[in-house]
Amino acid sequence: MRSRGRLLIIFTILVGITYILKLFYLQILTDEYKKKATRISVKKVYTFPERGYIYDRNEKLLVANQTSYDVMVIPKEVKTLDTIEFCSLLKITKKDFLKKFNRAKRYSPRLASVFVKQLAKEDYAYLQEKMFKYEGFYIQKRAIRNYPIKYAANVVGYIGEVNEKKIKEDSYYQQGELIGINGVEKQYEKLLRGKKGIKYFQKDNHNKIIGSFKNGTLDTRAVTGNDLTLTLDIDLQIYGEQLMRNKRGAIIAIEPSSGEILALVTAPSYDPNLMVGRKRAKYSTQFLNDKTNKPMFDRGLKGEYAPGSPFKIVNALIGLQEQVINTSTKFKCIGGYRYGQRAKAFMKCHCGTHGWVNFDKAINKSCNSYFSNTYRKIIEKYETPEEGIDQWRKKVMSFGFGDYLGTDLPQGNKGLIPDSKFYDNYYPSFRWRAVSTISNAIGQGQIATTPIQLANMTAAVANRGHFYTPHIVKKIKDNKLDDRYTIPKKTAIDSVYFEPVIQGMYNVFEKGTAKYSKVKGIDICGKTGTVQNYIKRNGEKIAMADHSIFIAFAPKDHPKIALAIFIENGGYGSQYAAPISSLMIEKYLKGKTQKPHIEQKMMNDTLLLKEYRKLQTPTNIERE
C-alpha cells in the first residue's frame, strides 16, 4: 500500500510539473493564445490593388482595368435572412444560394470568400443600399481586366479565379481572388498583381465591429502592380492577324539586333474581352471544345511542324563549316535525288532546272538534289553515321532548335532534332546509314520545329552567326530586364560562311522562288518552303494539302526584322507565306504596302476549309 501511495504522489507531482511547464510555455514563451484571441476579436479586410497596365513598344495601351464588384460571405457571421428576397436581389435561385453558401462554408466558416462575383454596375448600386439587412455578407470592390485593343489574346493572356491548388501553394491568395492564367498575365503575375492592403477592425463580444484596431496603426495600403511595356508592335500584330483571317498557322516577327518579338500571331485567335467577367466560363469552354480550330492553342510557340526547305539554310551553313562543300561546289540534278539500295528510292526535286547546280542556285531555286548531296557528305565525313548525326545535330541545336527557347511566355514546345539514339530506336532491325535519314536534308522526315524557332534561326542568319533569346517584355517599371535576354548566343558556324548563304537568300527574291513577292525599295532575303503532310485514319493514309512556309529578313544589311510564317495546308511556299511575308516587312519598314490588291487577296481568302474539316475527328498526324 505504501508503494502505491508513493506512486500516486509521484504521479501527482509529475502531472503538476507538466501543467506548470505548459502554462509557462503558453504565457511566457509563446503568444499563441494572444494570437488566437486577436483573431477572434479582430477582423481583417483586404483592399485589392489595381493590376499593372500593359503597353506595346510604342506605349499604346493594350491592357487596362475596370471596376468589378463581388458579393463576399463569412459563413459564421451570417444570421437568419429572407432568402427569397436576397436571391431576388442577386438574380440567383435558392438552389444556387445553398450551393454557394455550402461551398463557402467548406472553404472556411470564418474567412471571407466570393459568394457572387462581378456584379453589373446597376445591380451593385441597388444592392449596396440593402446590404445592411444581410449580416455576414458585404460587397468587395476589385479590378478586372479591360482590353482596349481586341488583338494579341495569345500574348497578353487573361486572368481568372485562383484554384485550390494555387491557394495551398501560395498563401498570398484566398478563394475567389484573381490570378494570371495565360500569356504575359501568367508569366509576370507577381509583378502585375501588386500587393494587397489590409485594414484591421476591432470586434466586441457580440462579433460586432466597434472601430479600427489600434487606431489603424497596423493598416497597410494596397500597392498598385508594375506596368509592363511589351516588345510587341501592336499595329504589326493587328496587321498579321488580319492577314491570317480564315487561315490556320502562325507569324513570328523578331528584331534581330535585340531578340524582341515584334509580332506573335497565331490563327485562329479570339477577342481577349471574351475572357473577362462572367462570360469567361462560357467562352473558354467553347474555345477549348473547338478541336478543329483550337483558338486557344498558340501555334507560334507550341505548333510543331516539319520546317521544310528553310531548313536547307542550316544544312548549307553546316556544309560550309564542315568544309564538305564550298561556294564553288556543284552537284548534278536529274529532277530528284536517287538513294538507297541500288538507288531505287527517288526524292523529287522541283527546282525547275536539270543539270549541274551551283551553291547560289541551290538556295534560290531550292534544289533537293544539292542539299541531299550536301547532307550526305556531312554525315559521311565521320567514321560512323552515329558520330556524323550527333555532330550534325550539335550544330543544328546551336541555332536554338530542339529546345524550348526559354522565352518569357509560359508555354512552348521543344520540337525534335533526332540524334543517333533516336535512329537506333527508329530503325531497330537494321544498321541505318546517312541515306536512311536523307529527309533531314530538306527539313522533313522526323525533324519538328516550332515557328518561333524558325524565326529565331532566321534572326541568327541575319546577324551573321548570333542571336538573342526571343522575348516579349521590353521594359518593367522599377525592374531590370533579365540578363538572359540581353546576352547574345553564338551559333556553331563561323561568321565568314554566312555571306554567301545570305546572297543566295537575297536571290530568292531577285530570281528565285519568291521573285513575284519582291518589294521595290527593300532588299529582302528569304527562303520558301513547301511541306508535304498527311493524316493516318483507321490505318489509311490520307494526303493533305501542303503547308506553305516562308522565312525572311530585311533589309539585307543592318536587318530590322526577321520572320517565319507557317500557313497550314496553304500549298506552295510562294502561294501564301511568301506574299504575306513581304506585306509584313513592308508594313513594318514602310507603314503600308505598294500592292493593295495582294493585301486584299491575302486578307479575304478563305483557305481550304475542306482540308481543315478532315481534321475534325481525332487522328494521328504524320509528316513526310
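Glutamate 59 sits partly exposed in this predicted model, with a relative accessible area of 43%. Its side chain meets that of lysine 475 in a salt bridge, at 3.9 Å from N to O. Since glutamate 59 belongs to the loop between S2 and S3 while lysine 475 is part of strand S18 (residues 473–476), the pair ties together parts that are 416 residues apart in sequence. Lysine 475 is partly exposed too, with a relative accessible area of 48%.

That loop takes part in another salt bridge as well. Here the partners are glutamate 260 and arginine 57, whose side chains meet at 3.0 Å, N to O. Arginine 57 lies in the loop between strand S2 (54–55) and strand S3 (61–73), and glutamate 260 in strand S12 (residues 260–267), so this contact ties together parts that are 203 residues apart in sequence. Both ends of the bridge are tucked away: glutamate 260 counts as buried because its relative accessibility is 9%, and arginine 57 is buried with a relative accessible area of 16%. Buried here means under 20% relative accessible area.

Counted over the structure, there are 25 salt bridges. One of them stays within a helix: glutamate 380 and arginine 376 meet through their side chains at 2.9 Å, N to O. The two are four residues apart in helix H15 (residues 368–380), so about one helical turn separates them. Glutamate 380 is partly exposed at a relative accessible area of 46%, and arginine 376 is partly exposed at 26%. Elsewhere, Arg51, Arg145, Glu185 and Glu189 are joined into one network by salt bridges that share partners.

Two members of that network, Arg51 and Glu189, turn up again around an enclosed space. The structure holds two cavities of 30 Å³ or more, and the largest has a volume of about 160 Å³. Besides Arg51 and Glu189, its lining takes in Phe48, Pro49, Arg142, Ala143, Tyr172, Tyr173, Glu177, Leu178, Arg193 and Lys196. By class, the lining splits into six nonpolar and six charged residues, with no polar ones.

The second largest cavity contains about 50 Å³ of space. Around it are Ala153, Asn154, Asn182, Thr266, Tyr270, Met296, Phe297, Asp298 and Gln411. This lining has another make-up, with four nonpolar, four polar and one charged residues.

As for open spaces, the largest pocket holds about 1100 Å³. It is lined by 42 residues, and those closest to its centre are Asn368, Ile442, Gln444, Thr530 and Gln532. Strand S15 (345–348), strand S20 (525–537) and strand S23 (620–623) are the elements that give two or more residues to the lining. S20 provides the largest share, with five residues. In terms of residue class, the pocket lining comprises 17 nonpolar, 17 polar and eight charged residues.

On the outside, Ile9, Ile10, Ile13, Leu14, Ile17 and Leu21 make a nonpolar surface patch of about 580 Å². Isoleucine 10, one of these residues, is part of helix H1 (residues 2–29). With 47% relative accessibility, isoleucine 10 counts as partly exposed.

The backbone has a few quirks worth pointing out. Alanine 267 and proline 268 are joined by a cis peptide bond, with omega at about -5 degrees. Proline 268 belongs to the loop between S12 and helix H11 (279–288). Another cis peptide bond runs from alanine 554 to proline 555, where omega is near -15 degrees. Proline 555 is in the loop between strand S21 (540–554) and strand S22 (561–567).

Histidine 558 also lies in the loop between S21 and S22. Although histidine 558 is not a glycine, its phi is positive, at about 55 degrees. Its relative accessibility is 68%, so histidine 558 counts as exposed. Asparagine 569, not a glycine either, likewise has a positive phi of about 55 degrees. Asparagine 569 is located in the loop between S22 and helix H20 (577–590). In contrast to the exposed histidine 558, asparagine 569 is buried, with a relative accessible area of 1%.

Key. Residues numbered from 1 in each chain as written. Predicted model: local features only at pLDDT ≥ 70, side-chain atom pairs only at ≥ 80, totals over all residues. Heavy atoms only, no water. 1 Å grid on protein atoms, 1.4 Å probe; cavity = no way out; pocket = protein on both sides within 12 Å on 5 of 7 lines; lining within 4 Å. Points joined across faces, edges and corners; volume = space filled by probe spheres on them. Nonpolar A, V, L, I, M, F, W, Y, C, P; charged D, E, K, R; others polar. Patch = residues over 30% accessible without salt bridge, like charges linked within 9 Å, V, L, I, M, F, W, Y side chains within 5 Å. Areas by Shrake-Rupley, 256 points an atom, 1.4 Å probe, with all protein chains shown as cover. Salt bridge = Lys/Arg side-chain N within 4 Å of Asp/Glu carboxyl O. Buried < 20%, exposed > 50% of the residue type's maximum accessible area, 1.4 Å probe, protein only.
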